[in-house]
Each structure stands twice: as C-alpha cells, then as structure tokens.
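Student: I have a structure open and would like to go through it piece by piece. Can we start with the strands and then work outwards?

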Amino acid sequence: MNTPLLEVRDAHQVYRLPREGLFGAPPTVHALAGVSLALQRGRSLGVVGESGSGKSTLARLVMALERPSAGQVCFAGQDLATLDAAALRRARAGFQMVFQDPYGSLDPRRKVYQTVAEPLAALHDASRAEQQERAAEVLDAVGLRRADLDKYPHEFSGGQRQRIAIARALVTRPQLIVADEPVSALDVSVQAQVLNLMQDLQDRFGVTYLFISHDLAVVDLVCDEVIVLQHGRIVEQGRPAELFHTPQHPYTQRLLQAVPGRAGAPAP
C-alpha cells in the first residue's frame with residue numbers, strides 16, 4: 001500500500017484562553033479532538049463544516065504553522081513536528097496554501113512578479129532569471145499573461161487575483177495545496193471558473209488538494225472524498241455522492257439543507 005502524501009493521526013489542538021479570574025485556571029478550547037485522515041497523491045479531500053468546526057485549525061496544522069497539542073501530522077512520511085528549522089524550510093516547498101480572500105492575501109504595494117516569485121525567493125536558491133521564468137510559467141498556467149507580472153493587484157478582478165494567488169502556490173511545484181475557502185469570496189459565476197481551473201491544474205501537474213469549505217456543493221465538484229467536521233471531530237466521511245444522497249449524521253443533513261436548490265433549503 002502506498003504511503004499517503006498527507007496523514008493526520010489522532011490530532012488534538014487545545015487553546016488556552018485568558019484567565020477569567022485571579023485564581024481560576026485558564027479556560028481551554030478544544031479546536032480539534034482526535035482528527036485522523038489520509039490523503040493519497042493526486043487526490044482531493046474536502047473538509048466541510050460550519051464556522052468553529054475546526055477546519056482552519058486543521059489547515060494551520062497541515063501547513064506546520066502550529067504544532068498539534070497531541071497527535072501527528074505527516075507529510076511524505078515525515079512527522080512535521082520533528083523537523084528542525086532547516087528541514088521544515090525544505091519541506092515547505094512541497095506544500096503551499098491558497099487563502100480565502102483574493103484581496104487581502106495579495107500585497108497591494110507589490111507587483112505580481114514579486115508576489116508570485118516570493119515563495120521561490122524564500123524557499124529556493126533560485127536566480128532572478130529562474131524566478132522570472134517560473135513566475136511567467138505559472139501565470140500562463142492559470143490563464144494570465146507574462147505582461148501581467150509588471151502589474152499591481154488593483155488592476156485585476158477578484159477572480160484574476162485568485163488566479164494570481166493560485167500561481168503563487170504553484171511556483172514551488174508543490175505536491176500538496178491546501179485551499180482554505182478559495183472561492184467563497186467570489187461571485188458564483190467566477191467560482192465555477194476558478195474551480196474548473198483547479199481541476200485542470202490537478203490533471204496537468206498531479207497536484208493533491210486539501211480543500212477546506214463550508215459548502216458541500218463546492219466540494220462535490222472537485223473532491224474525491226469528504227470529511228465533515230463538527231466541534232473538532234469528524235462526524236461523517238465518504239464520497240461526495242454518498243454524502244449528498246444518503247447522509248447519515250444529523251449535522252451533515254443540516255449542512256445539505258443549506259445548499260440552494262435542495263429540498264428544504266432556504267431560497268437564495
């Protein structure tokens with residue numbers, strides 16, 4: 001059996017809150033409570049749940065922005081929490097992130113070239129010429145032009161800005177992209193274009209996706225499997241078609257009722 005590209009083993013994440021009194025123990029929040037998952041190379045796994053379910057905490061653990069309070073996060077067979085700073089820096093080239101807000105995730109003072117090439121400058125000993133060429137390649141891959149490298153973010157639409165963010169994630173040629181609500185800030189028509197682009201990039205480059213979303217309808221389009229998080233725990237897992245047609249957990253059923261166009265869903 002092939003080793004999963006990404007494996008999360010019984011991950012817990014506990015945050016301590018400020019003390020409410022002088023003598024009392026600080027309260028804690030269990031953002032994740034025993035989450036386990038495995039993601040094979042070239043596949044897409046959706047993680048769905050409402051705000052506060054633990055989705056973004058899971059994304060931070062996978063990106064090694066935080067260490068789990070307990071459990072393991074393994075990328076390509078390596079426990080990320082055991083790597084020293086130099087080894088973690090090398091490993092980071094293999095996993096990149098696309099954020100929710102295409103406006104806030106791009107520095108308005110920096111040209112597109114500076115933004116897209118930034119991961120190369122930080123993680124690789126690449127010459128400026130190589131950075132320029134790689135930036136142009138990934139910009140072309142997401143449907144933009146080489147001439148766009150000299151422009152600023154305000155010169156692009158929301159959908160184009162998200163394409164720039166995807167290009168930045170691709171420039172290190174990662175094996176895994178963590179996409180945290182990558183289309184929720186976009187118009188519905190633009191959402192479909194970006195989702196189609198992400199599928200095309202997966203076919204072309206073999207990239208693996210961990211796709212974070214609150215919207216089951218979105219992950220149904222791009223994911224091979226879905227896990228449903230509630231209060232930091234996985235309450236249901238399966239193929240999107242199974243979850244859509246025969247949801248077993250009441251929480252999954254409530255999420256489906258919120259999808260426009262389904263029986264019992266609120267009118268748009």
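Student: How many bridges join strand E1 to E2, and do they run parallel or antiparallel?

Tutor: This is a predicted model, to begin with. In it, E1 (residues 6-16) and E2 are joined by 9 bridges and run antiparallel. One pair to look at is valine 14, whose bridge partner in E2 is histidine 30.

Student: What about E1 and E4, how many bridges there?

Tutor: E1 and E4 are joined by 5 bridges, again antiparallel. Valine 8 is opposite valine 73 of E4.

Student: In what order do the strands of that sheet come?

Tutor: The order is E2-E1-E4-E5, an open sheet of 4 strands with antiparallel pairing. At the edges are E2 (28-39) and E5 (78-79), each of which pairs on one side only.

Student: Which residue does cysteine 74 stand opposite in E5?

Tutor: Aspartate 79. E4 covers residues 70-75, and its antiparallel pairing with E5 has 2 bridges.

Student: Switching to E3. Is it mostly covered or open?

Tutor: Mostly covered: E3 spans residues 44-48, and 5 of its 5 residues are buried.

Student: Which of its residues point which way?

Tutor: Ser44, Gly46 and Val48 point to one side of E3, while Leu45 and Val47 point to the other, and all are buried. In a regular strand, side chains alternate between the two faces of the sheet.

Student: And in which sense does E3 pair with E8, parallel or antiparallel?

Tutor: Parallel, over 5 bridges, with E8 being residues 208-213. Valine 48 has serine 213 as its bridge partner in E8. E3 also pairs with E9 (residues 225-230) in the parallel sense, over 4 bridges. There, leucine 45 stands opposite glutamate 225.

Student: Glutamine 230 caught my eye. Where is it?

Tutor: Glutamine 230 belongs to strand E9.

Student: Buried or exposed?

Tutor: Glutamine 230 has a relative accessibility of 17%, so it counts as buried; the cut-off is under 20%.

Student: What does it touch?

Tutor: Leaving aside residues up to four places away in sequence, glutamine 230 touches Ser53, Val235, His249, Tyr251 and Arg254.

Student: Now a helix. How many residues of H1 are buried?

Tutor: H1 covers residues 55-62, and 6 of its 8 residues are buried, so the helix is largely enclosed by the rest of the structure. Those buried are Lys55, Thr57, Leu58, Ala59, Leu61 and Val62.

Student: A lysine in that list, noted. What phi does alanine 64 take, just after H1?

Tutor: Alanine 64 takes a positive phi, about 60°.

Student: Zooming out, how many helices and strands are there in the protein?

Tutor: There are 9 helices and 10 strands. The radius of gyration is 19 Å, close to the 18 Å the globule rule gives for 268 residues, so the protein is as compact as a globular protein of that length. The C-alpha atoms fill a box of roughly 55 × 50 × 50 Å along the principal axes.

Student: What share of the residues is buried, and what is on the surface?

Tutor: Of the 268 residues, 49% count as buried. The exposed area is about 13300 Å², with 48% of it supplied by carbon and sulfur atoms.

Student: Last one: how many positive and negative side chains?

Tutor: There are 28 positive and 29 negative side chains, and the centres of the two sets are 4 Å apart.

Methods
Residues are numbered from 1 along each chain as its sequence is written. This is a predicted model: local features need pLDDT of at least 70, side-chain atom pairs count only at pLDDT 80 or more; totals for chains, interfaces and linings use all residues. Side-chain values use heavy atoms; hydrogens and water are left out. The radius of gyration is taken over C-alpha atoms; the globule rule is 2.2 Å times the number of residues to the power 0.38. Buried means under 20% relative accessible area, exposed over 50%, partly exposed in between (1.4 Å probe, protein chains only). Accessible areas come from the Shrake-Rupley method with a 1.4 Å probe; for residues, only the protein chains shown count as cover. Lys and Arg count as positive and Asp and Glu as negative; His and the chain ends are not counted. The place of a charge is taken as NZ of Lys, CZ of Arg, CG of Asp or CD of Glu. Two strands pair if DSSP finds at least two bridges between them. Contact means heavy atoms within 4.5 Å.
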